[in-house]
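Visitor: I would like to go through this structure with you and ask how each label is earned. Could you show it to me, please?

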Amino acid sequence: MPEVSLHDAQSPPVQAVITSHIGHATAVGAAGFAWCSLILGLHTAGIIDAADGTIVLAGTFFYGGLVQLVAGFFALASGATFAAAFLTAYGAFWFGYTVIEFWAAPHIAGAAAAVAKAGGASAEASAAAGGHAVMQSLGLFLIAWLVVTLVFAVASLGTNAVIVSAFALLTLTIVLLVTAYLGASSAGVPSDSVLHTAGYVEIVLAAVAFYLVLAELTNDIRGRDVFPLFALNRDRQAVPQTA
């Protein structure tokens with residue numbers, strides 16, 4: 001009786017197929033961005049006084065920074081380059097914002113005030129010098145982020161109208177904040193009108209970001225476009241890469 005080789009069998013060998021699925025990271029990360037934009041917009045517009053801001057900073061660190069960063073890594077693992085890039089970038093932004101408010105700004109103000117006081121300035125003038133130094137530093141910080149945001153705004157033109165609107169509003173918010181900070185008085189007081197306008201624009205930005213989260217979650221659960229995102233590149237259904 002001839003031996004039968006396994007290679008002679010007509011049926012192909014059975015192979016174990018392992019699949020993995022990474023959900024929509026944009027919904028996770030954008031929720032953190034929306035939350036931070038809303039709370040900061042309310043404070044910047046003067047609608048709500050955040051007092052010392054400690055509780056707000058807890059949110060910007062964990063929800064705006066940590067959650068967005070982790071979501072960005074998951075988006076990168078799924079091949080969603082655009083989503084990964086902006087989630088990790090703005091996760092780092094909110095980490096930076098927390099560090100500025102909690103440590104960097106007081107340090108800059110204290111150092112500038114000490115220099116002014118050593119030069120014979122009064123306590124009031126020293127405090128004003130410290131405040132002015134903080135405003136200039138914030139303006140410089142945001143100029144760099146304006147460049148980053150403009151890059152994302154241009155790239156977003158291949159995604160959908162909601163994301164494009166979000167980046168347009170974010171760009172406008174940063175421009176207004178830079179104008180307010182760099183145009184601050186010698187006492188370190190930014191223009192209230194410009195600052196409040198930036199706050200209201202940021203509130204609108206938060207609303208758009210929350211809509212993106214709502215659409216991503218609901219459309220994924222229902223399996224259809226309940227809340228449209230208005231795709232701008234219909235030739236590539238994989239774009240936007242929203243993970």
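Guide: Happily. Leaving aside neighbours within four places in sequence, Gly 65 is in contact with Thr 60, Gly 91, Trp 94 and Phe 95. Gly 65 sits in helix α2, which covers residues 54-77. Please keep in mind that this is a predicted model.

Visitor: What makes Gly 65 count as buried?

Guide: The relative accessibility of Gly 65 is 0%. Buried means under 20% relative accessible area, so Gly 65 earns the label.

Visitor: Which residue is 36 residues from Gly 65 along the chain, and how far apart are the two C-alpha atoms?

Guide: That residue is Gly 29, and its C-alpha atom is separated from that of Gly 65 by 9.1 Å.

Visitor: Why is Phe 61 called partly exposed?

Guide: Phe 61 is also placed in helix α2, but its relative accessibility is 33%. The class in between runs from the 20% limit for buried to the 50% limit for exposed, so Phe 61 is partly exposed. Beyond its neighbours within four places in sequence, Phe 61 has contacts with Leu 66, Phe 95 and Thr 98. Phe 61 and Tyr 97 are 36 residues apart in sequence, with 8.3 Å from C-alpha to C-alpha.

Visitor: How do you know which class Ile 48 belongs to: buried, partly exposed or exposed?

Guide: Ile 48 has a relative accessible area of 46%. Exposed requires over 50% and buried under 20%, so Ile 48 is partly exposed. Ile 48 is found in the loop between α1 and α2, and its contacts outside the neighbours within four places in sequence are Leu 42 and His 43.

Visitor: What makes the phi of Phe 230 worth a remark?

Guide: Phi of Phe 230 is near 60°, which is a positive value in a residue other than glycine. Phe 230 lies in the segment after α6. With a relative accessible area of 49%, Phe 230 falls under the 50% limit for exposed, so Phe 230 is partly exposed.

Visitor: Now the whole chain. How many helices and strands are there?

Guide: The protein has 6 helices and 0 strands, and the pattern along the sequence reads α-α-α-α-α-α. Of its 243 residues, 42% count as buried. The accessible surface comes to about 13,500 Å², and 69% of that belongs to carbon and sulfur atoms. Among contacts with a separation of 6 or more, 74% are between residues 24 or more positions apart.

Visitor: How do you know that there is a cavity?

Guide: Rolling a probe the size of a water molecule over the atoms shows where empty space is left. A search of the whole structure finds 1 cavity of 30 Å³ or more. The volume of the largest cavity is about 170 Å³. Its lining has 13 residues, and the closest to the centre are Phe 33, Phe 86, Ala 166, Phe 167 and Leu 212. Two or more lining residues come from each of α1 (25-44), α3, α5 and α6 (192-222), and α5 gives the most, with 4 residues.

Visitor: What classes of residue make up the lining of the largest cavity?

Guide: The lining has 12 nonpolar residues, 1 polar residue and no charged ones. Phe, Ala and Leu count as nonpolar, so the five residues closest to the centre belong to that class.

Visitor: And what does the pLDDT say about the model?

Guide: The mean pLDDT of the protein is 86, and 85% of the residues reach 70 or more. Among the elements, helix α5 (residues 161-182) has the highest mean, 97, while helix α3 (residues 81-118) has the lowest, 89.

Visitor: Where does the pLDDT stay under 50?

Guide: One stretch is residues 16-20, for which the model has 0 contacts beyond four places in sequence. Residues 236-241 are also below 50, and that stretch has 11 contacts beyond near neighbours in sequence. Where pLDDT is low, the predicted coordinates should not be read in detail.

Definitions and conventions
Residues numbered from 1 in each chain as written. Predicted model: local features only at pLDDT ≥ 70, side-chain atom pairs only at ≥ 80, totals over all residues. Heavy atoms only, no water. Buried < 20%, exposed > 50% of the residue type's maximum accessible area, 1.4 Å probe, protein only. Contact = heavy atoms within 4.5 Å. Areas by Shrake-Rupley, 256 points an atom, 1.4 Å probe, with all protein chains shown as cover. pLDDT = per-residue confidence, 0-100. 1 Å grid on protein atoms, 1.4 Å probe; cavity = no way out; pocket = protein on both sides within 12 Å on 5 of 7 lines; lining within 4 Å. Points joined across faces, edges and corners; volume = space filled by probe spheres on them.
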